[in-house]
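Below are some notes on the model you sent, set out as numbered points. They follow elements first and single residues afterwards.

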Amino acid sequence: MLRFPAALEILEADFWIQYNELGGINDGEVGGGSGNALYTKAIQVLDEDMAVYIHDNTDDEITHHNFLNAYLVSQGADPANLDSFRTLMGSTATGVNTALIGKRLTNLTQLTLDTSWWTRYRDDNHNPDLDPAFTFPQAVPSLAIGEHTAIPRTDADTKHKAFLQAIANTAGFHFPTIEQGGNSLYPSLAQRASSVEVLRILISIGPTETMHFQTWSDKAGNAPPVSAVDPVTGVSVTFPDLNSPPFGGELFQTNLIMPEPCPFLSRSLPIVSIIRPTKTEGVANGALTFLTDMGLFKGQSGAFFAYMQGLANDADAAVRVC
Ligand SMILES: [Fe+2]
Ligand SMILES: [Fe+2]
């Protein structure tokens, strides 16, 4: 079961490294890039500490896959290995690690983001586990349509002020969109661990994803309202003022960052503040579908999807034996 989260952490590390090269801090801990000053400045509009947060999140993901793979090997199991799939182009803008151009696992330039987590954690009447058919409203509806880049693809992308801010805002919403996934995945998988040690690993890594999510959901609320059209693709995006009609109120107000309670297990029980969803059936396949639909793997080969599908199927087949 751990091979699937190990592979996901390799994928997470791959895209966080791309963010760190351009908008984080390149040092002895997480290096390779040299920073893109214009992109970094646009990201810092959300918070002046964004660069260090990007760096630290990147560092965390690298340690997650290193640890999980080392643990698998220590138990005589094969580690997750995605090296043969490092084939995607990535950005060629100033600041990237030029040695990794054309050697990325993930694609940050064609994202379609589901930002409904924003309202899912503020709605005290619905829980996706109890209401699988309920549609939680999107925070940034236009990110859910079309393909959006979260990094400058080339230096030309940094030349348009509004578009560059839209790229930085897209990253600002991509961060929590990803991290809320891990925040649900680990407690969901943990319910099927038979080994107490594997359970301990899952419930020890999972809350760090929650810490990432909480930080990023706070910062996303600082994304300035802006509308822009991608000069390359013609796709438009609008970041609304989430504090004004038709947004605003408990569902959208940007300083309401603590999770609202929601129904849990049964509506006959009182509402409670929890991680949601945490249903365990099919969770690995669900996570893979979520990331695929996001466009994170656009350009990847059939062999890549077959490999990831196999790991997800194995994880979903794990049964807790008491
Ligand atoms: Fe992680
Ligand atoms: Fe994470």
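1. Two strands are taken as paired if DSSP finds at least two bridges between them. The model is a predicted one, and its strands S1 (residues 226-229) and S2 meet that criterion, with four bridges joining them in an antiparallel arrangement. Within this pair, alanine 228 stands opposite valine 237 of S2, and valine 229 stands opposite serine 236 of S2.

2. The connection between the two strands is a hairpin, with six residues lying between S1 and S2. Glycine 234 sits in the turn and has a positive phi, about 80°.

3. Which side chains of S2 are buried? In S2 (residues 236-239) the side chains alternate. Val237 and Phe239 point to one face and are buried, whereas Ser236 and Thr238 point to the other face and are not buried. Valine 237, the partner of alanine 228, is thus on the buried face.

4. Helix H5 covers residues 161-190, and its length can be checked against its residue count. With 1.5 Å for each residue, its 30 residues should span 44 Å; the C-alpha atoms at the two ends are 45 Å apart, so the two values agree. H5 is also mostly covered, since 28 of its 30 residues are buried.

5. Helices H7 (residues 283-293) and H8 (residues 302-317) pack with their axes 7 Å apart and at an angle of about 150°. Angles over 145 degrees count as roughly antiparallel, so H7 is roughly antiparallel to H8. H7 contributes Val283, Ala284, Asn285 and Leu288 to the contact, and H8 contributes Met308, Gln309, Ala312, Ala315 and Asp316. By class, the residues of this contact are six nonpolar, two polar and one charged.

6. Alanine 315, in helix H8, deserves a separate entry. It has 24 C-beta neighbours inside 10 Å and therefore counts as buried. Setting aside residues up to four places away in sequence, alanine 315 touches Met1, Phe4, Leu189 and Ala284. Ala284 is one of the H7 residues in the contact with H8. Between alanine 315 and proline 128, which are 187 residues apart along the chain, the C-alpha separation is 21 Å.

7. Where does asparagine 107 lie? Asparagine 107 is in the loop between helix H3 (50-74) and helix H4 (117-120). Although in a loop, asparagine 107 is buried, with 22 other C-beta atoms within 10 Å. Apart from neighbours within four places in sequence, its contacts are Leu88, Gly295, Leu296, Phe297, Lys298 and Gly299. For leucine 296, the C-alpha to C-alpha distance to asparagine 107 is 4.9 Å, with their positions 189 residues apart in sequence.

8. Glycine 248 is another loop residue, found between S2 and H7. Is glycine 248 buried or partly exposed? Glycine 248 has 14 other C-beta atoms within 10 Å and is partly exposed, because a residue needs 20 or more to be buried and 12 or fewer to be exposed. Not counting residues up to four places away in sequence, glycine 248 touches Asn243 and Gln253.

How values were computed: Residues numbered from 1 in each chain as written. Chains lettered and ligands numbered in written order. Predicted model: local features only at pLDDT ≥ 70, side-chain atom pairs only at ≥ 80, totals over all residues. Expected span 1.5 Å × (residues − 1). Axes fitted to C-alpha atoms, helices over the stretch in contact; angles between N-to-C directions. Parallel < 35°, antiparallel > 145°, perpendicular 65-115°, else oblique. Contact = placed C-beta atoms within 7 Å. Nonpolar A, V, L, I, M, F, W, Y, C, P; charged D, E, K, R; others polar.
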